[in-house]
Amino acid sequence: RNVTGVQTCALPILMYDSLDPKNDKISDICNMVYHANNMDGFAIWNAAKYMAETRAASKRKIVIIISDGSPNARNYGGEDVYDHVNACRKDARHRFNVETYAIGISNAYTKECGDRMYGAGNNIVIDDVKSSVGYITRFLNQLSQST
């Protein structure tokens, strides 16, 4: 069960949801574009809320963030947003029982920055997608095996 979203303003726009016939085209993920104002913390929280509302019966709910590591919007930037992303991630876990993991693309951020936003062991950073497919596969497999 997969749900992918992007954030504009305060609500996620669903790009792919394998259980929703209106949004079940996986190819839509390839058409995602940035719209600026990527408030990652709020996006995580809203995606978790959506999952809690639509997947209440699911035993495990996971949000996977694919990021350039630069949460940035008007009045939302700098070092403080890393702590905000982490606070939203923790609140999503506590309030909605949704786990958050991240894949940083193109050396998006340092390990320390990723750990600060997503927690140690909850993120990976890759050089590029083509050469890192095996690495991403192992990361996703590890997620599926963990409890």
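## Exercises on aromatic pairs and nonpolar cores

Tyr76 is buried, at a relative accessible area of 8%, where buried stands for under 20%, exposed for over 50% and partly exposed for the range in between, with a 1.4 Å probe and protein chains only. The model is predicted, so that local features need pLDDT of at least 70 and side-chain atom pairs count only at pLDDT 80 or more, while totals for chains, interfaces and linings use all residues. Residues are numbered from 1 along each chain as its sequence is written, and side-chain values use heavy atoms, with hydrogens and water left out.

**Exercise 1.** Describe the aromatic pair formed by Phe42 and Tyr76, and place both residues in the chain.

*Solution.* A pair of aromatic rings is described by the distance of the centres and the angle of the planes. Rings of Phe, Tyr and Trp (its six-membered ring) pair if their centres lie within 6.5 Å, and planes under 30 degrees apart count as stacked, over 60 as edge-to-face and the rest as tilted. A search of the whole structure finds four such pairs. In the pair of Phe42 and Tyr76 the centres are 5.8 Å apart and the planes enclose 40°, which makes the pair tilted. Phe42 belongs to helix α1 and Tyr76 to the loop between β3 and α2, 34 residues apart, so the pair links distant parts of the chain, helices (H or I, at least four residues) and strands (E, at least two) being DSSP runs numbered from the N terminus. Phe42, at 37% relative accessible area, is partly exposed.

**Exercise 2.** Classify the pair of Tyr101 and Phe139, and state whether each residue is buried or exposed.

*Solution.* With 6.5 Å from centre to centre and 75° between the planes, Tyr101 and Phe139 form an edge-to-face pair. Strand β4 holds Tyr101 and helix α4 holds Phe139, 38 residues apart. Tyr101 counts as buried at 9% relative accessibility, and Phe139 is likewise buried at 7%.

**Exercise 3.** Identify the residues of the largest nonpolar core that touch the most other members, and the element that supplies its largest share.

*Solution.* A nonpolar core is a set of buried Ala, Val, Leu, Ile, Met, Phe, Trp, Tyr and Cys residues joined through side-chain atoms within 4.5 Å. The largest one has 21 residues, of which Tyr109, Met117 and Tyr118 touch the most other members. At least two residues each come from α1 (40-54), β3 (61-67), α2 (80-96), β4 and α3, and α2 gives the largest share, five residues. A second, separate core of seven residues includes Ile103, Ile124, Ile126 and Phe139.
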